[in-house]
Amino acid sequence: MDIPTSKYKAKQQTTLRADQEIKPWIRWYGRLGYMAQGVVFALIGILSFMAAIGVGGKTASTSGMFQSLANMPLGEILIWIIGIGLLGYIVWQLIRAVKDPGNYGNGFRGIVIRVGFFVSAVIYGAISMKAIQIAVHAGSSNSGSEQAMSAKLLSQPFGPWVLAGLGTGIFIFGGYELFSGIKGSFMKKFKKSEMKAHEKKTARNAGRIGMISRGIIFGLVGFFFVRTALTTNPDKAKGLDGALAELAKQPFGQWMLGIVSVGFILFGLYQIIRGRYEYMSFGR
């Protein structure tokens with residue numbers, strides 16, 4: 001009994017040493033990922049705000065933002081940094097889904113949350129790949145991608161149900177973001193003991209406005225996907241840029257677009273602060 005036990009303990013110690021070597025790097029890369037995500041939303045917010053005040057043309061999706069950025073001085077370098085940085089966010093989301101460092105558990109609620117982390121990793125994986133494609137001049141405009149995806153789904157058996165489920169999930173996520181922003185519960189994620197007073201205030205205010213703005217837009221995106229499933233018309237599907245453009249068409253739409261765009265900029269700031277101060281239990 002002693003020999004197997006000693007072997008087991010030795011294996012545990014080896015695993016622990018390897019874990020201690022890897023974890024801090026994963027945590028560091030995950031923090032960089034949050035910051036990269038923040039930069040993406042801040043840039044989308046800036047371009048959309050410019051559109052709202054009539055000096056920047058159209059509202060921008062992530063793909064449109066990268067295309068615009070590629071035409072600016074040093075833009076391609078920044079795209080590379082964002083694309084590689086987002087990989088850190090993807091890694092951390094996958095860890096949250098599989099390893100469950102947040103202790104959400106294996107109950108229904110926990111599984112739903114962890115699946116959400118996995119879906120987030122897939123979505124940002126596509127965004128990261130798009131950034132890298134554009135950086136190496138392999139990308140093209142992504143206009144109509146939501147319509148193309150919807151058309152493919154609608155042509156499959158049970159496609160409308162899948163699309164409706166996707167839209168419902170996005171709508172629920174938008175509601176969750178909106179509620180979290182109003183309630184301010186997102187501050188539980190921060191190591192507030194390490195933050196200065198002005199940093200806590202900035203994170204709280206920027207996060208509140210930013211998450212409310214994201215909640216509104218993601219709610220609209222989810223609604224458009226559900227409408228597409230019900231009408232079986234892929235032209236009704238709209239992504240981020242479509243939702244922003246639709247918002248601009250409403251009464252006082254330019255004002256609303258401007259407010260939401262500022263919210264996106266503030267969400268970007270919040271994510272950058274989150275990358276610095278979020279409590280990440282997977283690593284020391």
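Does Trp-28 count as buried or exposed, and at what relative accessibility? In this predicted model, Trp-28 counts as exposed because its relative accessibility is 51%, which lies over the 50% cut-off. The neighbouring position in the sequence, Tyr-29, is partly exposed, with a relative accessible area of 22%. The rings of Trp-28 and Tyr-29 have centres 6.4 Å apart and planes at an angle of 20°, so this pair is stacked.

The overall architecture is helical: the protein contains 9 helices and 0 strands. Along the sequence this gives the pattern α-α-α-α-α-α-α-α-α. Of the 284 residues, 42% count as buried. Among contacts between residues at least 6 apart in sequence, 73% join residues at least 24 apart.

The largest nonpolar core comprises 53 residues, of which Met-65, Phe-66, Ile-79, Phe-190 and Ile-217 touch the most other members. Two or more residues are given to this core by each of H1 (2-52), H2 (62-70), H3, H4 (108-135), H6 (159-183), H7 (197-231), H8 (240-249) and H9 (253-277). Helix H1 provides the largest share, 9 residues. The contacts of Ile-79, with residues up to four places away in sequence not counted, are made to Phe-66, Leu-69, Ala-70, Ala-131, Ile-134 and Ala-135.

A glycine in helix H3 (residues 75-98) was examined next, namely Gly-83. Gly-83 counts as buried because its relative accessibility is 0%. When residues up to four places away in sequence are set aside, Gly-83 touches Ser-128, Ala-131 and Ile-132. Ala-131 is likewise among the residues touched by Ile-79. The C-alpha atom of Gly-83 is separated by 9.3 Å from that of Gly-33, although the two glycines are 50 residues apart along the chain.

Helix H4 was considered in terms of its length. The 28 residues of H4 should span 40 Å at 1.5 Å a residue, and the end C-alpha atoms are 41 Å apart, which agrees. Just after H4, His-137 adopts a positive phi of about 65°.

Aromatic pairs number 11 in total. In addition to the stacked pair of Trp-28 and Tyr-29, Tyr-89 and Tyr-124 form an edge-to-face pair, with 4.9 Å from centre to centre and 70° between the planes. Tyr-89 lies in helix H3 and Tyr-124 in helix H4, so this pair ties together parts that are 35 residues apart in sequence. Both Tyr-89 and Tyr-124 are buried. Elsewhere, ring pairs link Phe-41, Phe-186, Phe-190, Phe-264, Phe-267 and Tyr-270 into a cluster. Within this cluster, Phe-190 is also one of the core residues that touch the most other members. A further arrangement involves Arg-276, which lies over the face of Tyr-277 at 4.5 Å from the ring centre.

The unreviewed UniProt entry annotates residues 32-57, 77-95, 115-138, 158-179, 211-232 and 252-273 as "transmembrane region". Two of these spans were compared with the model. Residues 77-95 are 100% helix and 0% strand, and the end C-alpha atoms of the span lie 28 Å apart. For residues 158-179, the corresponding values are 95% helix and 0% strand, with 31 Å between the end C-alpha atoms.

Technical notes. Residues numbered from 1 in each chain as written. Predicted model: local features only at pLDDT ≥ 70, side-chain atom pairs only at ≥ 80, totals over all residues. Heavy atoms only, no water. Helix = DSSP H or I, 4+ residues; strand = E, 2+ residues; numbered from the N terminus. Buried < 20%, exposed > 50% of the residue type's maximum accessible area, 1.4 Å probe, protein only. Contact = heavy atoms within 4.5 Å. Core = buried A, V, L, I, M, F, W, Y, C linked by side-chain atoms within 4.5 Å. Expected span 1.5 Å × (residues − 1). UniProt positions renumbered as here; feature names shortened; annotations may be inferred. Phe/Tyr/Trp six-rings, centres within 6.5 Å; stacked < 30°, edge-to-face > 60°. Lys NZ or Arg CZ within 6 Å of the ring centre and 35° of its normal.
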